[in-house]
Amino acid sequence: MAISVLVGTQWGDEGKGKIIDVLTRDVDMVVRFQGGNNAGHTVEIGTEKFVLHLVPSGIFRNNALCVIGNGVVVDPLELTKEIKELRERDVEVSPKRLELSTRCHLIMPYHRIMDAMHEQARSEGKKIGTTKRGIGPAYADKASRIGIRALEMLDPKRFESRFREQAEYYNTIISASAMEALDIDAEWAKLAETAEFLAPFVTDTVLTVNKAARENRNILFEGAQGMWLDVDYGTYPFVTSSNTTTSGACTGSGLSPKYIDDVVGVMKAYTTRVGAGPFPTELLDDTGEFLRAEGHEFGATTGRPRRCGWFDAVASRYSCMVNGIDMLAITKLDVLDKFEELKICTAYEVNGERGTDMPSDNDEITIAKPIYETMPGWRSPTCDARSFDELPENARLYLNRLSELVNAKIGIISVGPNRDQTFTHNG
Ligand code: IMP
């Protein structure tokens with residue numbers, strides 16, 4: 001490994017946390033580059049389970065420096081809470097282990113309220129089903145050039161005046177709705193304390209990342225969410241507000257694309273989605289319920305039940321193309337162990353026409369009828385396999401077919417939640 005970007009190839013929740021944890025064994029630096037605490041990366045170490053929302057997953061490897069890059073939107077109160085909780089569980093999180101970019105935009109309390117207000121105002125069928133963490137409104141302020149950045153926490157007077165100015169503006173909007181206006185003094189008291197706590201972590205991480213690249217260090221860029229939630233390429237408007245795809249790693253960290261050596265795509269052996277929006281292979285029947293139960297498909301951030309469906313090769317092939325995937329990490333293969341047969345969507349039928357490329361128009365994706373091919377299941381446990389050859393023959397055939405359909409090689413296979421239930425493959 002040299003400089004790698006790891007991204008989700010579907011609608012998020014592909015199991016990135018676990019793969020990152022495995023890949024960070026030999027890594028010097030782990031960088032988050034987009035999203036915020038809408039993400040929930042689960043890492044299981046022995047009997048301990050951690051869910052990270054903002055802190056990069058490299059925090060469990062003592063040799064890795066963790067960086068929250070400029071493309072991330074940071075809720076300072078939530079980051080403080082996460083750092084303190086990790087410390088309580090004996091994970092070292094000091095400014096020597098974690099750096100926060102001066103350029104990160106901050107999620108303020110009014111962003112969370114605006115997120116809820118926007119969702120409430122949307123009519124049925126138009127609601128996005130956001131995580132209500134204030135992600136969209138914070139990115140909107142960044143684009144509108146009225147955001148507050150992490151560097152402002154280094155100067156409490158300036159931070160206070162910027163916060164009060166923005167909070168008063170937002171309170172005029174909030175007061176006109178059914179929502180309760182912000183108690184600005186009370187909110188400022190919390191922020192002032194948190195700014196003092198976070199200040200030692202704030203630095204120009206563009207310099208840190210570029211220095212590491214020049215010194216030929218191993219760097220892993222940790223993507224959050226997934227391809228189909230990307231604000232440009234995803235199922236717009238049912239997306240998040242950042243670039244979740246490979247190119248986001250550069251704009252979100254300040255590293256030139258010329259340094260990127262390879263791209264790892266994390267892909268679940270079936271498909272899930274949280275929140276609203278089109279999902280052509282969704283199963284609304286007992287099979288979907290069974291997948292949810294077997295895969296424990298409940299959101300790591302919001303606890304919401306995830307929508308479940310068959311593997312969608314149309315969406316995944318397009319995703320591998322946009323992301324430039326060099327190597328796939330297939331997760332949750334074991335969840336399919338009990339199925340007699342498995343379906344793979346190989347084409348969509350839209351208004352009577354068959355196509356194998358993902359349409360750009362959300363309305364077309366919404367009415368797309370999935371065309372399936374069926375493969376036999378393996379009906380035996382895979383959780384103890386530690387190599388491709390130890391997998392049942394039908395599982396090997398299933399994986400080979402996925403790889404062929406999405407035009408990308410498989411390099412890692414995961415057959416359970418634990419660190420050791422993972423093996424490499426030269427697919
Ligand atoms: P937001 O990112 O909270 O604005 O939510 C926008 C959409 O992205 C919603 O459908 C969320 O459910 C979805 N989303 C955001 N973060 C994640 C994630 O980490 N995993 C899966 N879905 C997510």
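How do the residues of the shell around the ligand divide by class into nonpolar, polar and charged? In this predicted model, the shell has six nonpolar residues, seven polar ones and two charged ones. In total, 15 residues surround the ligand. The closest of them are Asp-13, Asn-38, Thr-131, Thr-240 and Arg-304.

Several polar contacts join the ligand to the protein, and both side chains and backbone take part. Thr-240 appears among the closest residues. An N or O atom in the Thr-240 side chain is 2.6 Å from an oxygen atom of the ligand. Gln-225 also contributes through its side chain: a polar atom there lies 3.2 Å from a ligand nitrogen atom. Gly-129 uses its backbone instead, with an N or O atom placed 3.3 Å from an oxygen atom of the ligand. On its own, the ligand has 470 Å² of accessible area, and the protein covers 96% of it.

The overall fold was examined next. The chain has 427 residues. Its secondary structure comes to twelve helices and 20 strands. The C-alpha atoms fill a box of roughly 65 × 50 × 40 Å along the principal axes. A compact globule with 427 residues would have a radius of gyration near 22 Å. The chain has 21 Å, so its value agrees with that of a compact globule.

Attention then turned to the second largest pocket. About 270 Å³ of space lies in this pocket. It is lined by 13 residues, and those closest to its centre are Val-51, His-53, Lys-81, Glu-82 and Glu-85. Two elements each give two or more residues to the lining: strand E4 (48–52) and helix H2 (76–88). Helix H2 supplies the largest share, with five residues. By class, the lining holds four nonpolar, three polar and six charged residues.

Two backbone features stand out for separate mention. The first concerns Tyr-236 and Pro-237, which are joined by a cis peptide bond. Omega is about 10° at this bond. Pro-237 lies in the loop between strand E10 (219–222) and helix H8 (248–251). The second concerns Asn-216. This residue has a positive phi of about 55°, although it is not a glycine. Asn-216 sits in the loop between helix H7 (205–214) and strand E10. Strand E10 thus borders both loops, with Asn-216 in one and Pro-237 in the other.

Conventions:
Residues numbered from 1 in each chain as written. Predicted model: local features only at pLDDT ≥ 70, side-chain atom pairs only at ≥ 80, totals over all residues. Heavy atoms only, no water. 1 Å grid on protein atoms, 1.4 Å probe; cavity = no way out; pocket = protein on both sides within 12 Å on 5 of 7 lines; lining within 4 Å. Points joined across faces, edges and corners; volume = space filled by probe spheres on them. Helix = DSSP H or I, 4+ residues; strand = E, 2+ residues; numbered from the N terminus. Nonpolar A, V, L, I, M, F, W, Y, C, P; charged D, E, K, R; others polar. Near = heavy atom within 4 Å. Polar contact = N/O pair within 3.5 Å; in protein donor to acceptor, adjacent residues only side chain to side chain. Areas by Shrake-Rupley, 256 points an atom, 1.4 Å probe, with all protein chains shown as cover. Rg over C-alpha atoms; globule rule 2.2 N^0.38 Å.
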